[in-house]
Amino acid sequence: MTAIETPNGAEFSIGAKTYLCAAALVPGAGISRGYPSPAGPLVDYHHLAIGILADTLDWLQTAGYAQVWVGVPETSRSRKPMLMMRAVYSGGPGLSGRMLEATGWADATVLGVMMALLPFAEAPFVSFLDDVSTEFASAGILTRGGYAAHGNVWNAEWLSYLSQAWLPEAAQSWQRTHARPDWQLLERVILSAKHARLDRDDSWSD
């Protein structure tokens, strides 16, 4: 298999790869739920943000960076089982590394980890997606525009090459994640985290 080139050999997270390939993976959407994908078409930002967060957790687990299970947190008063994770190794690229750090290097609830990754905002998922794109800005192939990716300017050659080169990996990860036996639980946890980070002054927007 031919190695995939990246700008200056930079490593990118599976979340960033999913972001770049969004137009091929995520349902389209109108203006109210649409987020401009790097390829241009508007995609459903709920689906994309949930998918990126879930893909990242799945990648960490599959690659051996983290363990995921259902258990009772030590600090829980209700003794209610929750989705848990534990970082095993550090060093994941981009968003993957941030998710490991969000565990605090201890047994952590996935809810708490997702809340740590989502900004407190009127539309946490949109702000989160903007944060994911910084991996490309740092690599010099994206000039960030305004909120919700509006005005983003991509290096056309890198965008075309990487969106094709990464699509098989991104599609496989997307399919594997959505086929997890705990997918529905994981999706609910991510939505709960989003609601917890929602600025209620404008809750209708998200």
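Trainee: Which side chains meet in a salt bridge at R180 and D182, and what is the N to O distance?
Mentor: The R180 and D182 side chains meet each other, at 2.8 Å from N to O. Keep in mind that this is a predicted model.

Trainee: Buried or exposed, that R180?
Mentor: R180 is buried, with a relative accessible area of 10%. D182 has 17% relative accessibility and counts as buried too, because the cut-off for buried is under 20%.

Trainee: Which residues are in one network with them?
Mentor: D58 and R176 join R180 and D182, through salt bridges that share partners.

Trainee: What about D58 and R176, how do they meet?
Mentor: Their side chains form a salt bridge, 2.6 Å from N to O. D58 belongs to helix α3, residues 45–62, and R176 to helix α9, residues 167–178, so the pair ties together parts that are 118 residues apart in sequence.

Trainee: Where do those two stand on accessibility, buried or partly exposed?
Mentor: One of each. D58 is buried at 3% relative accessibility, whereas R176 is partly exposed at 31%.

Trainee: How many salt bridges in the whole structure?
Mentor: A search of the whole structure finds 6. Among them is R86 with D107, again at 2.6 Å, N to O. R86 lies in strand β4, residues 82–87, and D107 in the loop between α4 and β5, so this salt bridge ties together parts 21 residues apart in sequence.

Trainee: And how accessible are R86 and D107?
Mentor: R86 is partly exposed, with a relative accessible area of 31%. D107 is also partly exposed, at 40%.

Trainee: You mentioned β4. What order do the strands take in the sheet?
Mentor: The order is β3-β4-β5, in an open sheet of 3 strands with antiparallel pairing. β3 and β5 are the edge strands, each with a single partner, so one side of each has no neighbour in the sheet.

Trainee: What do strands of a sheet pair through, in general?
Mentor: Backbone hydrogen bonds, and the pairing can be parallel or antiparallel.

Trainee: How many bridges join β3 to β4 here?
Mentor: There are 6, and the two strands run antiparallel. For one position, V68 has M85 in β4 as its bridge partner.

Trainee: Which strands does α3 touch?
Mentor: α3 packs on the sheet and touches β3 and β4, with its direction at about 110° to that of β3. This is the helix that holds D58.

Trainee: Changing topic. How many aromatic pairs are there?
Mentor: The structure holds 8. One of the pairs is F12 with F136: the ring centres are 5.2 Å apart and the planes are at 20°, so the pair is stacked.

Trainee: Where in the chain are F12 and F136?
Mentor: F12 is in the segment before α1, and F136 is in helix α7, residues 134–138. The pair links distant parts of the chain, 124 residues apart.

Trainee: Are those buried or exposed?
Mentor: Buried. F12 has 7% relative accessibility, and F136 has a relative accessible area of 0%.

Trainee: Which residues do ring pairs link into a cluster?
Mentor: F12, Y19, Y35, F136, W154 and W166.

Trainee: Last one: what sits over the ring of F125?
Mentor: The charged end of K194, 5.7 Å from the ring centre.

Notes
Residues are numbered from 1 along each chain as its sequence is written. This is a predicted model: local features need pLDDT of at least 70, side-chain atom pairs count only at pLDDT 80 or more; totals for chains, interfaces and linings use all residues. Side-chain values use heavy atoms; hydrogens and water are left out. A salt bridge is a side-chain nitrogen of Lys or Arg within 4 Å of a carboxyl oxygen of Asp or Glu. Helices (H or I, at least four residues) and strands (E, at least two) are DSSP runs, numbered from the N terminus. Buried means under 20% relative accessible area, exposed over 50%, partly exposed in between (1.4 Å probe, protein chains only). Two strands pair if DSSP finds at least two bridges between them. Contact means heavy atoms within 4.5 Å. Axes are lines fitted to C-alpha atoms, for helices over the stretch in contact, and angles run from 0 to 180 degrees between N-to-C directions. Rings of Phe, Tyr and Trp (its six-membered ring) pair if their centres lie within 6.5 Å; planes under 30 degrees apart count as stacked, over 60 as edge-to-face and the rest as tilted. A charge sits over a ring if NZ of Lys or CZ of Arg is within 6 Å of the ring centre and within 35 degrees of the ring normal.
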